[in-house]
Amino acid sequence: MTTAAGLDERVKVWDRFVRLAHWALVAAFTVAFLTEDDAMSLHAWAGYVVGGIVVLRVVWGFIGPEHARFSDFLYRPGVVIGYLLALVRLRGRRYLGHSPAGGVMIIVLLAALAGTTGTGIWLYGAADGRGPLASLATSMEPAAPIQGEGREIDGDDDEYDTDDDDRRDTRNGDSHDGRDDNALKEIHELLANLTLLLIILHVGGVLLASFAHRENLPRAMITGTKRR
Ligand code: HEM
Ligand code: HEM
């Protein structure tokens with residue numbers, strides 16, 4: 001039989017890595033989202049932190065403790081839909097680990113974060129000749145740069161030729177590559193905005209579940225403990 005004291009008892013749910021990774025992800029994503037060309041190094045480093053955490057979190061999903069494992073929070077689609085329908089009527093079952101809907105959101109979020117970081121690294125390499133994929137730019141550099149055009153590769157730090165608005169000229173000095181870079185930039189931005197939309201839904205879901213279960217879930221992500 002459950003006693004009142006039993007109901008008050010706190011149990012450890014989120015391990016230290018999950019909690020640290022979560023809040024570091026929030027900080028790094030925020031920095032990456034709010035910085036752009038004027039602070040490109042900071043933008044790239046914040047993005048690398050996001051990418052690194054995503055990779056570690058995926059590994060942790062296989063080797064971590066019970067509630068960190070994917071196997072603990074991946075459910076059949078019918079269960080996810082049933083949970084969501086019940087949640088909007090504030091009747092969703094309470095789960096100690098991630099709920100079925102929360103579990104799906106985590107997978108989608110991790111994939112969106114990975115896509116944003118991946119396209120960012122690709123763009124940084126192809127358009128700016130920087131980062132781990134910098135070789136993409138050198139391999140696409142025109143054999144004989146046209147006079148007065150082209151990205152400077154003389155070692156000085158001028159990333160962009162800011163007096164020229166045309167990206168094709170300021171990036172690789174080659175119209176074909178410039179168009180590709182612009183498309184890549186659009187995709188990167190689109191993924192970043194899509195991720196932001198998912199984050200808004202994620203926070204909305206957390207608040208709704210907190211309300212439905214009369215339980216402060218953000219606090220549980222800080223302390224790591226929940227009501228039994
Ligand atoms: C950049 C913004 C955010 C990202 C990328 C993000 C991502 C994630 C991820 C990946 C998880 C899964 C945790 C794990 O198992 O490792 C998670 C869970 C969680 N997040 Fe966030 N999150 C963000 C913002 C927030 C904010 C602002 C809050 C607080 C209001 C929040 C509250 C939570 C909670 C409470 C959970 C656990 C959900 C549960 O009880 O099942 N998140 N988040
Ligand atoms: C989750 C991580 C990331 C987020 C949320 C993010 C977000 C964004 C956003 C919103 C823009 C558009 C800025 C504008 O309006 O011009 C942008 C541009 C860009 N990002 Fe990222 N990014 C991330 C990761 C990365 C990484 C890891 C790199 C490279 C290592 C990168 C490289 C770039 C570059 C080169 C641009 C184009 C800047 C310009 O020419 O205006 N990003 N990013």
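The following exercises, with worked solutions, concern a predicted model.

**Exercise 1. Helices α5 and α6**

Determine how the axes of α5 and α6 are oriented, and which residues make the contact.

Solution.
Step 1. Locate the helices: α5 covers residues 77-88 and α6 covers residues 100-128.
Step 2. Take the geometry of the axes, which come within 8 Å and cross at roughly 115 degrees.
Step 3. Classify the angle. Angles of 65 to 115 degrees count as roughly perpendicular, so α5 is roughly perpendicular to α6.
Step 4. List the contact residues. From α5 these are V79, V80, Y83, L84 and L87, while α6 contributes P100, A101 and V104.
Step 5. Sort the contact by class: it holds 8 nonpolar residues, no polar and no charged ones.

**Exercise 2. Helix spans**

Compare the end-to-end reach of α5 and of α3 with the expected value for each.

Solution.
Step 1. For α5, with 12 residues, 1.5 Å a residue gives an expected 16 Å. The first and last C-alpha atoms of α5 are 17 Å apart, close to that value.
Step 2. For α3, with 24 residues, the expected span is 34 Å. The model gives α3 a reach of 35 Å, again close to expectation.
Step 3. Add the burial of α3: A46, G47, V50, I53, V54 and R57 are buried. The buried residues of this helix pack against α2 and α6.

**Exercise 3. Two positive phi values**

Find where L90 and R214 lie, and decide whether each is buried or exposed.

Solution.
Step 1. Recall the background: most residues other than glycine have a negative phi.
Step 2. Take L90, whose phi is near 60 degrees, a positive value in a residue other than glycine. L90 sits in the loop between α5 and α6, just after α5.
Step 3. Count its surroundings. L90 has 11 C-beta neighbours inside 10 Å and therefore counts as exposed, the limit being 12 or fewer.
Step 4. Turn to R214, with a positive phi near 50 degrees. Its place is the loop between α9 and α10.
Step 5. R214 is exposed because 8 other C-beta atoms lie within 10 Å.

**Exercise 4. A glycine in α9**

Establish the exposure class of G178 and its separation from A126.

Solution.
Step 1. G178 belongs to helix α9.
Step 2. Its count is 18 C-beta neighbours inside 10 Å, so G178 is partly exposed.
Step 3. In sequence G178 and A126 are 52 residues apart, and in space their C-alpha atoms are 9.4 Å apart.

**Exercise 5. The shells around the two ligands**

Describe which residues and helices surround ligand 1 and ligand 2.

Solution.
Step 1. For ligand 1, 21 residues form the surroundings, and F29, H98, G102, L217 and P218 are the closest.
Step 2. Assign them to helices: α2 (16-34), α6, α9 (175-212) and α10 (217-223) each supply at least two residues. The largest share of this shell comes from α2, with 6 residues.
Step 3. By class, the shell of ligand 1 has 15 nonpolar, 5 polar and 1 charged residues.
Step 4. For ligand 2, 24 residues form the surroundings, with A44, G47, G120, Y124 and A192 nearest.
Step 5. Here α2, α3 (40-63), α6 and α9 each give at least two residues. The most come from α6, which gives 9 residues.
Step 6. By class, the shell of ligand 2 has 12 nonpolar, 7 polar and 5 charged residues.
Step 7. Link to Exercise 2: G47, one of the residues nearest ligand 2, is also among the buried residues of α3.

Note on methods. Residues are numbered from 1 along each chain as its sequence is written. Chains are lettered from A and ligands numbered from 1 in the order in which they are written. This is a predicted model: local features need pLDDT of at least 70, side-chain atom pairs count only at pLDDT 80 or more; totals for chains, interfaces and linings use all residues. Axes are lines fitted to C-alpha atoms, for helices over the stretch in contact, and angles run from 0 to 180 degrees between N-to-C directions. Helices (H or I, at least four residues) and strands (E, at least two) are DSSP runs, numbered from the N terminus. Angles under 35 degrees count as roughly parallel, over 145 as roughly antiparallel, 65 to 115 as roughly perpendicular and the rest as oblique. Two residues are in contact if their C-beta atoms, placed from the backbone, lie within 7 Å. Ala, Val, Leu, Ile, Met, Phe, Trp, Tyr, Cys and Pro count as nonpolar, Asp, Glu, Lys and Arg as charged, and the others, Gly among them, as polar. A residue is near a molecule or strand if its C-beta atom, placed from the backbone, lies within 6 Å of it. The expected span of a helix is 1.5 Å times one less than its number of residues. A residue is buried if 20 or more other C-beta atoms lie within 10 Å of its own, exposed if 12 or fewer, and partly exposed in between; C-beta atoms are placed from the backbone.
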